[in-house]
Amino acid sequence: MQVSSLNEVKIYSLSAGRSLPEWLSDRKKRALQKKDVDIRRRIELIQDFEMPTVSTKIKVSRDGQYIMAVGTYKPRVRCFDTYQLSQKFERCLDSEVVTFEILSDDYSKIVFLQCGRFVEFHSQHGHYYKTRIPKFGRDFSYHYPSCDLYFVGASSEVYRLNLEQGRFLNSLQTEASESNVCDINPVHFLFAMGTAEGKVECWDPRTRNRVGLLDCALSSVTADTEIEGLPSISALKFDGALNMAVGTSTGQVLLYDLRSSNPFIVKDHHYGLPIKSIQFQHQLDLIISADSRIIKMWNKDTGKIFTSMEPEHDINDVCLYPNSGMLMTANEAPKMNIYYIPVLGPAPKWCSFLDNLTEELEENPESTVYDDYKFVTRKDLENLGLAHLIGSSLLRAYMHGFFMDIRLYHKAKMMANPFAYEEYRREKIRQKIEETRAQRVQLKKLPKVNKELALKLIEEEGEEQQLRKKRKQKNLPSLLKDDRFKVMFENPDFQVDEQSEEFRLLNPLVSKISEKRKRKLKILEELEAQGEEEEEEPEGKASDAESSESSDDEKGWVEEVRKQRKLLRQEEKLKRQERLKEDQQTLLKPQFFEIKEGEEFRSFKDSAKKQKLMKKTLEDRLKLEEKLGTLNVSDTTVGSKQATFKLKKSEQQRKQQEAEKRHRQERKALRRSASHLKSRRGRGRLFH
């Protein structure tokens with residue numbers, strides 16, 4: 001039994017070790033077990049849990065008693081009884097099985113979809129019935145309420161076979177050219193199928209109408225993924241009433257909420273291989289997704305990786321034993337793998353001894369698989385002079401390097417570098433020297449801008465670090481190293497103005513403190529100029545001065561505040577005197593303002609009145625205009641208010657109206673004088 005660990009999750013491989021040939025007699029097997037320690041220590045959980053060549057699919061019955069697997073060659077199905085820990089029966093078939101489904105709680109009703117378009121039904125005694133579908137099938141699902149089998153494959157139609165009536169029903173016509181996988185929701189029995197175009201179609205079996213369409217190919221392409229070609233759907237699995245996981249042919253797993261058309265998590269396997277299987281682990285809220293190379297377990301809410309497994313051979317199918325931590329795989333090899341992960345759950349009832357066995361192993365830890373090997377890169381091999389071993393059995397290629405035996409590595413290192421002890425001794429001496437240097441006073445490189453502020457922060461950080469060491473707390477990040485405040489110590493615009501009133505009033509002791517820091521700054525600048533890194537006296541003297549002056553600062557801080565305020569008052573008086581002198585020297589010049597055409601200048605009071613009116617509310621302005629007679633408000637018969645108002649005339653309009661009025665008066669006067677003259681002439685003629 002091999003033990004591996006990833007992310008502190010222990011994985012026990014129960015099928016590890018050499019398998020004995022079938023043709024060996026029991027006597028020879030016992031003799032080998034006595035001689036070989038590895039054969040004696042191996043765990044054969046289920047006897048002959050293997051296939052002749054390759055296993056393609058593996059499933060567990062609903063009662064948990066039977067494990068069924070199909071494989072080749074010849075095409076066959078094997079049933080294993082977990083209560084007896086051995087094989088129950090074996091049946092050979094006419095053609096290879098694409099997939100199969102256990103319809104009953106035990107092995108009494110099984111349906112096989114074969115690669116020759118055949119659908120074969122088996123009962124408890126053996127073969128029961130065989131029929132054929134029009135096109136090659138790739139997957140099928142069983143709808144329990146209506147006893148219908150839904151077949152999808154190399155066709156746009158979904159074939160329905162009713163097992164109660166024993167006949168084919170009208171097929172479902174889809175928009176897809178081909179379909180790869182399908183599944184039925186166990187809660188509300190929604191039928192979903194994954195197409196070769198990268199879409200998922202959802203159908204309602206009651207009305208036989210399509211109720212939804214998801215474009216998973218578009219959603220699987222993110223900024224981090226690199227794909228070649230159009231992703232098709234290769235795996236599909238429902239979880240409860242609302243969740244659905246979809247696997248693509250390019251190695252992405254998309255997790256959907258059926259109420260949304262966008263996935264809330266897209267997980268990439270980064271291998272570019274089709275997803276073969278998706279399982280849900282409800283105790284820890286995990287999703288177990290597998291391609292042909294790796295099995296990944298990750299959190300369905302965050303997408304964070306929990307652990308992973310890389311078997312020696314390619315994976316065809318993964319089966320999680322219900323309510324336990326056992327995992328079984330069908331591989332491109334005769335032996336089917338069994339893994340036990342205690343974190344996922346307890347061992348099944350029929351092998352409860354595994355819990356005790358793993359507890360004993362944890363109490364007495366042994367070396368894991370990788371403890372006896374050393375990982376080396378190609379450059380390491382060249383340095384050791386072992387580059388010629390690449391391609392031999394002594395090196396196992398893995399990722400960007402190789403695994404080699406740790407004993408061979410130590411021998412090669414001793415021969416390649418015989419003076420390793422001298423190097424080790426020099427390294428230890430160097431570390432000791434560095435430790436002693438750390439105890440000395442080290443020069444602090446201060447920034448160009450706000451040097452005093454930086455020195456203050458360094459002192460405060462040193463005090464806080466000492467306190468945190470005593471309290472055994474973690475150190476906080478330094479403000480000087482924070483990128484958010486980097487500009488404050490680089491840009492001169494952020495220089496603190498110590499002569500401003502605000503700074504002096506908020507910091508009453510700034511003068512004395514700044515003097516101390518200025519001394520320190522001078523000392524540090526002198527040390528930097530001279531390059532005397534090992535001198536401790538200047539800074540030590542400054543620290544003594546600090547201790548002697550700290551008591552004076554505490555006593556005389558009130559006097560310092562008073563002094564600062566007196567100084568500020570004197571400065572204000574000086575500024576006022578300077579302003580008066582400037583005012584006396586400057587001569588006041590008259591200012592002229594231009595008035596717009598058509599307007600008359602009355603007084604500055606009119607503009608003030610206008611501003612006051614604009615500040616008043618609408619109600620106050622209406623009342624004022626009503627008093628002046630420019631506005632008239634009256635009630636109507638309906639009950640509403642009616643307002644009539646007169647527009648104010650501008651000066652230009654008023655002048656024009658006055659000129660027109662004068663013109664009319666002059667014309668009237670002329671007409672009167674003309675009529676008077678005519679009447680006088682007429683009277684004169686009559687007298688003559």
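## Backbone and charge features of the predicted model

In this predicted model, Lys-74 is placed in the loop that runs between strand 4 and strand 5. Tyr-73 belongs to the loop between strand 4 and strand 5 (76-81) as well. Two cis peptide bonds occur here: one joins Thr-72 and Tyr-73, with omega of about -10°, and another leads from Tyr-73 to Lys-74, with omega near 15°.

A further backbone feature concerns His-270, which is not a glycine and yet has a positive phi of about 60°. His-270 is found in the loop between strand 22 (265-268) and strand 23 (277-281). As background, most residues other than glycine have a negative phi, and most peptide bonds are trans. The table gathers these backbone values.

| Site | Feature | Value |
|---|---|---|
| Thr-72 to Tyr-73 | cis peptide bond | omega about -10° |
| Tyr-73 to Lys-74 | cis peptide bond | omega near 15° |
| His-270 | positive phi | phi about 60° |

**The sheet of strands 3 to 6**

Strands 4 and 5 also take part in an open sheet of four strands, ordered 3-4-5-6 and paired in antiparallel fashion. Its edges are strand 3 (54-60) and strand 6 (86-92), each of which pairs on one side only. On average, neighbouring strands of this sheet are turned by 20° against each other, direction ignored. In general, the strands of a sheet pair through backbone hydrogen bonds, in either a parallel or an antiparallel manner.

Strand 3 and strand 4 (residues 66-72) run antiparallel and are joined by six bridges. Within this pairing, Lys-59 has Met-68 of strand 4 as its bridge partner.

**Charged side chains**

How many salt bridges does a search of the whole structure find? The search yields 13 salt bridges. One salt bridge is formed by the side chains of Lys-130 and Asp-94, with an N to O distance of 2.9 Å. Because Lys-130 lies in strand 10 (residues 127-132) and Asp-94 in the loop between strand 6 and strand 7 (97-102), this pair ties together parts that are 36 residues apart in sequence. In general terms, side chains of opposite charge can pair when their charged atoms come close.

Charge also appears on the surface. Which residues form the positive surface patch? The patch consists of Arg-562, Lys-563, Arg-565, Lys-566, Arg-569, Lys-573, Lys-575, Arg-576 and Arg-579. One of these residues, Lys-563, is located in helix 12, which covers residues 557-585.

Technical notes. Residues are numbered from 1 along each chain as its sequence is written. This is a predicted model: local features need pLDDT of at least 70, side-chain atom pairs count only at pLDDT 80 or more; totals for chains, interfaces and linings use all residues. Side-chain values use heavy atoms; hydrogens and water are left out. Patches are made of residues with over 30% relative accessible area and no salt bridge: like charges are joined within 9 Å, nonpolar side chains (Val, Leu, Ile, Met, Phe, Trp, Tyr) within 5 Å. Accessible areas come from the Shrake-Rupley method with a 1.4 Å probe; for residues, only the protein chains shown count as cover. A salt bridge is a side-chain nitrogen of Lys or Arg within 4 Å of a carboxyl oxygen of Asp or Glu. Lys and Arg count as positive and Asp and Glu as negative; His and the chain ends are not counted. The place of a charge is taken as NZ of Lys, CZ of Arg, CG of Asp or CD of Glu. Helices (H or I, at least four residues) and strands (E, at least two) are DSSP runs, numbered from the N terminus. Two strands pair if DSSP finds at least two bridges between them. Axes are lines fitted to C-alpha atoms, for helices over the stretch in contact, and angles run from 0 to 180 degrees between N-to-C directions.
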